[in-house]
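Trainee: Could we go through this model together? I would like to learn how each label is earned.

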Protein chains: 2
Amino acid sequence: MGLSVLERLTVDLGERSYPIVIGADALADAASIRAAIRGRQVMIVSNETVAPLYLSALRAVLDGLTVDTCIIPDGESFKTLASYEAIMDALMAHGHNRTTTLVALGGGVIGDLTGFAAATYQRGVDFIQIPTTLLALVDSSVGGKTAVNHPRGKNMIGAFHQPRLVIADTEVLRTLPERELRAGVAEVIKYGVIRDAELFEYLRRECSAIMRRDSVAIGHIVARSCEIKAQVVAADERESGERAHLNFGHTFGHAVEVLTDFEWLHGEAVGLGMLMAADLSWRMGWLDIAVARRIRDLVESFQLPVIPPSNRLAPEDMLAIMGHDKKVMDGRLRLVLSRGLGHAVVTDSVPIDLLRKTLVAGEGLCRG
Amino acid sequence: MGLSVLERLTVDLGERSYPIVIGADALADAASIRAAIRGRQVMIVSNETVAPLYLSALRAVLDGLTVDTCIIPDGESFKTLASYEAIMDALMAHGHNRTTTLVALGGGVIGDLTGFAAATYQRGVDFIQIPTTLLALVDSSVGGKTAVNHPRGKNMIGAFHQPRLVIADTEVLRTLPERELRAGVAEVIKYGVIRDAELFEYLRRECSAIMRRDSVAIGHIVARSCEIKAQVVAADERESGERAHLNFGHTFGHAVEVLTDFEWLHGEAVGLGMLMAADLSWRMGWLDIAVARRIRDLVESFQLPVIPPSNRLAPEDMLAIMGHDKKVMDGRLRLVLSRGLGHAVVTDSVPIDLLRKTLVAGEGLCRG
């Protein structure tokens, strides 16, 4: 790939601060990777789809260290305590000690799973994230949330544990399926809506460049998304206040995921959830209908679904699931809404009749 | 039991500070227990030995809350990821949310296991410790270390997570087997040796009161032990420096545990390990032989073993295991030794020939 320019952000969390190296060929940035490894042992955790593509390149960068691997089957259904135990077994079988470094090479599942293993192996060891999906690059690689699923609920078992380094190699997205790329963009749109009208505009303008995976365009949206998330997380590491803004579209989206039996990707559900949040914000009198329409148009321009499938998303079912969401406090539904591009607000005083109107809006969502 | 006087200590860890309530009948201190519970849901984790003795008394104190239970079989062999998963299943099956409180009612196994579950359920919920063994009262209930065992190593999976409250009810020790009581005293002797010559002297004077489980004597040694551990932990929460002093006798003791196939209780192994550490301290020229003898006499007065079983503790085997201890850094064996009662030191410069002399001393340990 030759010489490439890497951007370097810092997630500022005091003594747990860490850098994010962003750019084409960041995976070959041996200096940054070696500097983040304090011991002599490394355990790479990856999946059966990603490992054949990038494992050998990563091994080359780690030449001279003791490198073991743990390869998990691909998919959300393997984000389990059983996979977690497989990582623990591999660490123990190869005699990894407290100075080991775990490296997560994969999407959100591998990142969350490996992070949880790192958080709890010998009460906490170092780890490095190398996300290989757009969603993982812009979302789960910043924030320190690690988790596995329980059969009765997603991300129910986990810990907060910050990585030592995130390598955001924009070239790895060339091998990402198009549907996953689109779904990842939904989270980028979210950052625009809650914090950055300029990013929102950039997405409108550079839609085709992003979809053809242009390095510069991808690098820009990844960097800006990580910057925004890093700022929010630094201000509120444990999610008591401002961090809730990151859930814009997610309480609706989670209900969509459940009611579509997780056939919709997370980003697809969040895309539709954002339209519901925007529609409700308009009904609350907080958002101009023209802005709600712009949000809808942007989601649609990335060919993400914008019409709720009425046969699956019955309003009463949506309400029931939203009422059981993790983010519910003391029985009151808390929602993140919008008061304009770049301006999110948390509210627990949404009139139920307005919420119902949004849930039955169907094709009329964000159309006024 | 009528009116009883409860002592209240605070473990000072900033916003993670918590109280320890010590005394006869502390388990009935509803005010402290209710004050530590922030939500409406409680999950009591206990074992099949302890639950029949104290579960109903605890339930009475929690009257009006939603109380579920998870009862694990008794014993170190159940301190596993499988038991941890059983707790997670119970929490999910009963719909416990982020505001739940886990209550550990039992010895060190239940405390460590429940603490790890609390550290990781929904990325961390509250927990309360109610230790029912002397060892758990004076050791594992202070410090925030939580863990389960891996088949290849003890406490290899865990997290740091502080309780909201520790209830140290001295009356529960009335049902503790005598061998476990003696083993618990070994850790109290340790606190005397590393930090408090007066506590050491108290143990000498009140040996018989302690062994007949006199409330005042037990209350005193529990309070003083918790105070010392709380001070050390507050000064060094993550075990980088001073906290290592708590390992006095433990590197030797761990090797004794392994070579006796864990037939010796932890406290018994630590008792002998302290004599080895004292003997080596004398050989280093750091400890008067008279003081080493006093340590030996005190251990012996509680009928803890003071003579290494030569057929099981071959010096080369001891050395091999000590060299693989978790506390080894960069290949150098770090030991905690004594420079007098109340004065512990960490060293990584013990001449191997002196260490060997201690390991072959046999009956001559601490005799000069």
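Trainee: Which residue is the bridge partner of B:Leu337 in S11(B)?

Mentor: In this predicted model, B:Leu337 is partnered by B:Val345 of S11(B).

Trainee: What makes S10 and S11 of chain B a pair of strands?

Mentor: Pairing asks for at least two bridges. Strand S10 (residues 335-338) of chain B and strand S11 (residues 344-347) of chain B are joined by four bridges and run antiparallel, so they meet the rule for a pair. Five residues sit between these strands in their hairpin, and B:Gly340 has a positive phi near 130° there.

Trainee: How do you know that S1 and S2 of chain B pair as well?

Mentor: Use the cut-off again: at least two bridges are needed. Strand S1 (residues 7-11) and strand S2 (residues 18-23), both of chain B, have five bridges and run antiparallel, so they count as paired. B:Arg8 is found opposite B:Val21 in S2(B). This hairpin has six residues between S1(B) and S2(B), and in its turn B:Gly14 shows a positive phi of about 60°.

Trainee: Why is the meeting of A:Arg195 and A:Glu242 called a salt bridge?

Mentor: The label needs a side-chain nitrogen of Lys or Arg within 4 Å of a carboxyl oxygen of Asp or Glu. The side chains of A:Arg195 and A:Glu242 meet at 2.5 Å, N to O, so the pair earns the name.

Trainee: What does this salt bridge tie together?

Mentor: A:Arg195 belongs to helix H6 (residues 178-195) of chain A, while A:Glu242 is in the loop between helix H9 (215-235) and helix H10 (250-259) of chain A, so parts 47 residues apart in sequence are tied together. Over all chains, the structure has 40 salt bridges.

Trainee: How many salt bridges are there between chain A and chain B?

Mentor: Between chain A and chain B the count is zero. However, eight residue pairs are in polar contact across that interface, both residues being at pLDDT 80 or more. On the side of chain A that touches chain B, the residues are 13 nonpolar, seven polar and eight charged.

Trainee: How much area do chain A and chain B bury between them?

Mentor: They bury about 2,600 Å², with 57% of it on carbon and sulfur atoms. Of the area that chain A buries against chain B, 29% comes from A:Met92, A:Arg123 and A:Met156, more than from any other three residues. The contact involves 28 residues from chain A and 28 residues from chain B.

Trainee: What makes the relation between the chains a two-fold axis?

Mentor: Chain A superposes on chain B by a rotation of 180° with 0.0 Å of shift along the axis, at an RMSD of 0.1 Å. That is why the relation is a two-fold axis. The same surface serves both copies, as 100% of the contact residues of chain A recur in chain B.

Key:
Residues numbered from 1 in each chain as written. Chains lettered and ligands numbered in written order. Predicted model: local features only at pLDDT ≥ 70, side-chain atom pairs only at ≥ 80, totals over all residues. Heavy atoms only, no water. Contact = heavy atoms within 4.5 Å. Buried area = accessible area lost by both parts, 1.4 Å probe. Polar contact = N/O pair within 3.5 Å; in protein donor to acceptor, adjacent residues only side chain to side chain. Nonpolar A, V, L, I, M, F, W, Y, C, P; charged D, E, K, R; others polar. Least-squares fit on C-alpha atoms with pLDDT ≥ 70 in both. Helix = DSSP H or I, 4+ residues; strand = E, 2+ residues; numbered from the N terminus.
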